[in-house]
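Reader: Please take a close look at one part of this protein, the place where its domains meet. I would like one connected account of that part, with the neighbouring features that help to place it.

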Amino acid sequence: MTDHKGKLSPLLKQATGITAAKGEGAYIIDPEGRRYLDFTSGIGVTSTGHCHPKVVEAAQKQVATMIHAQATTVMNPRLPELAEKLGALTPDPLNAFFFSNAGTEVAEGAIRLVRQATGRPNVIVFHGGFHGRTMGSLSMTTSSVGLRAGVSPMMGGVVVAPFPHAFHYGWSLDEATDFCLRELDRIFVTYSAPKETAAMLIEPVQGEGGYVPANARFMQGLRERCDKHGIMLVFDEVQAGFGRSGKFWAHEHFGVTPDAIMIAKGLASGFPISALAASEETMAKGWPGSQGGTYGGNAVAAAAAIATIEVIQEEGLVQNADEMGQRLRDNLHALKKDYPDMADVRGMGLMVGVEMRRGDCPDGERAGRILKECEERGLLMLRCGPYQEIVRWLPPLIVTRQQIDEATDIFEQALKATA
Ligand SMILES: Cc1ncc(COP(=O)(O)O)c(C=O)c1O
């Protein structure tokens, strides 16, 4: 007999066994009242912690006033307010914003904009990058074959260039950077001529691919080539942006300004809203009607985003991310001396990865067992990387020194328990 009760798709896989009945700052509380230190932040989203009172108040007030001020039908007063606040944070002249819901939608918006603005077809992306799961953004995603499997053919016009992942190549940073810039030049003469290349699109710190920061010389090399050939440079700051890297934008670490920025995740403390930033002049080169969507720039999400920016500024959360990130990396580097299976500790601010290896082999199985041991001890974390071999640390930006120390203690217990 058919069971008519609705169910969740069996394809939903969850990293933990936890039911989140309540969220409070850096903690998730299950239905039995057990508290878990949440170092996942809902994949880097709850920057101000769970249910920050100021964000809750702003959202509640907006819910009672106007929920769906459909952005291509009427003006939602929260949107120009949010644009004004964001414009004070983005580098000049990137002060025009297209608002949407998810990171992947602003990746799609970026593809449309760079193609329309330049009249060129190709986008160069970087190996190991993650830009989303819809067909355009997925076509630019090379962090794991699992995401791409079974859904080809992909969108055309995507060229994949190497990313300077020195640890992976087993080279110095300079060697990796030289190699990658050389390969980029080779792409221009073998694969995608500059006049056919609309943009280069890159994460300043690779997220899903393994928590790998780019570096200043490489990013400057991209900027020089883009300037020389009239190619747009787009930074995907969906995961690394909004304070997570210890600076407001991750690209500030490299002294390079892009032509467009993709923003999502940390923007509204958990409400779904994303933004594509570019100069007004660049936006105007897109075609009318190419930036829309039913829910994009929802009023409640926009109100929560405004409150989130205020909290980040009032509570000094970017500086906290910098300081707590340093503390976290110091703790992990100290542990690495005693646990050689921690092959690499890397990242910026509160975006830190620990690569687990057995001998020379990436050890996703060990990383998985470590996460389970951490969960049993009240700490939630995630993995990333092509083999799921990287234990990743992305606590909320409100995290305290005591919570960082507690989490690294639990991590050490998990290392011992899984040795
Ligand atoms: C760097 C980066 N870009 C884009 C995305 C896609 O965002 P969303 O899942 O909101 O579509 C993600 C999501 O993890 C991401 O980390």
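Author: Domain bounds here come from an automatic or database domain assignment. For this protein chain, that assignment gives domain 1 as 26-48 + 316-417 and domain 2 as 55-314. Domain 1 is thus written as two segments, 26-48 and 316-417, whereas domain 2 is written as one, 55-314. The model is a predicted one, and the values below are computed from it.

Start with the interface itself. The C-alpha centres of domain 1 and domain 2 are 25 Å apart. On the domain 1 side, 34 residues make contact, and they do so with 33 residues of domain 2. Between domain 1 and domain 2 about 2600 Å² of area is buried, and carbon and sulfur atoms give 62% of that area. On the domain 1 side, V318, M348 and M351 stand out: they supply 28% of the area that domain 1 buries against domain 2, more than any other three residues.

Charge pairing comes next. Side chains of opposite charge can pair when their charged atoms come close. The structure as a whole holds 22 salt bridges, and across the interface of domain 1 and domain 2 there is one. Among the salt bridges of the structure is the pair R392 and E208, whose side chains meet at 3.0 Å, N to O. By the domain bounds, R392 falls within 316-417 of domain 1 and E208 within 55-314 of domain 2. A further salt bridge joins the side chains of E314 and K54, also at 3.0 Å, N to O. This pair links distant parts of the chain, with E314 in helix α11 (residues 299-314) and K54 in helix α2 (residues 53-63), 260 residues apart.

The interface also holds some empty space. Rolling a probe the size of a water molecule over the atoms shows where empty space is left. The structure has one cavity of 30 Å³ or more, and the space in the largest cavity is about 60 Å³. Its lining is made up of G44, S47, E237, V238, Q239, G241, F242, R244, A264, K265, G266 and L397. Sorted by class, that lining has four nonpolar, five polar and three charged residues. Domain 1 (26-48 + 316-417) and domain 2 (55-314) both contribute residues to the lining of the largest cavity, so the cavity lies between them.

For contrast, consider the second largest pocket. The volume of the second largest pocket is about 490 Å³. It is lined by 19 residues, of which A71, L79, F97, F98 and F99 are the closest to its centre. Two elements, α3 (78-87) and β4 (96-100), give two or more residues to this lining. The largest share, four residues, comes from β4. By class the lining of the second largest pocket has 11 nonpolar, eight polar and no charged residues, whereas the lining of the largest cavity includes three charged residues.

Some backbone details remain. Most residues other than glycine have a negative phi, and most peptide bonds are trans. The peptide bond from D92 to P93 is cis, with omega near 0 degrees, and P93 sits in the loop between α3 and β4. These are the elements already named for the lining of the second largest pocket. The bond from S152 to P153 is cis as well, with omega near 5 degrees; P153 is in the loop between α6 (145-148) and β6 (158-161). Y211 is not a glycine, yet has a positive phi of about 55 degrees. Y211 is placed in the loop between β8 (205-206) and β9 (212-213).

Terms used: Residues numbered from 1 in each chain as written. Predicted model: local features only at pLDDT ≥ 70, side-chain atom pairs only at ≥ 80, totals over all residues. Heavy atoms only, no water. 1 Å grid on protein atoms, 1.4 Å probe; cavity = no way out; pocket = protein on both sides within 12 Å on 5 of 7 lines; lining within 4 Å. Points joined across faces, edges and corners; volume = space filled by probe spheres on them. Nonpolar A, V, L, I, M, F, W, Y, C, P; charged D, E, K, R; others polar. Contact = heavy atoms within 4.5 Å. Buried area = accessible area lost by both parts, 1.4 Å probe. Salt bridge = Lys/Arg side-chain N within 4 Å of Asp/Glu carboxyl O.
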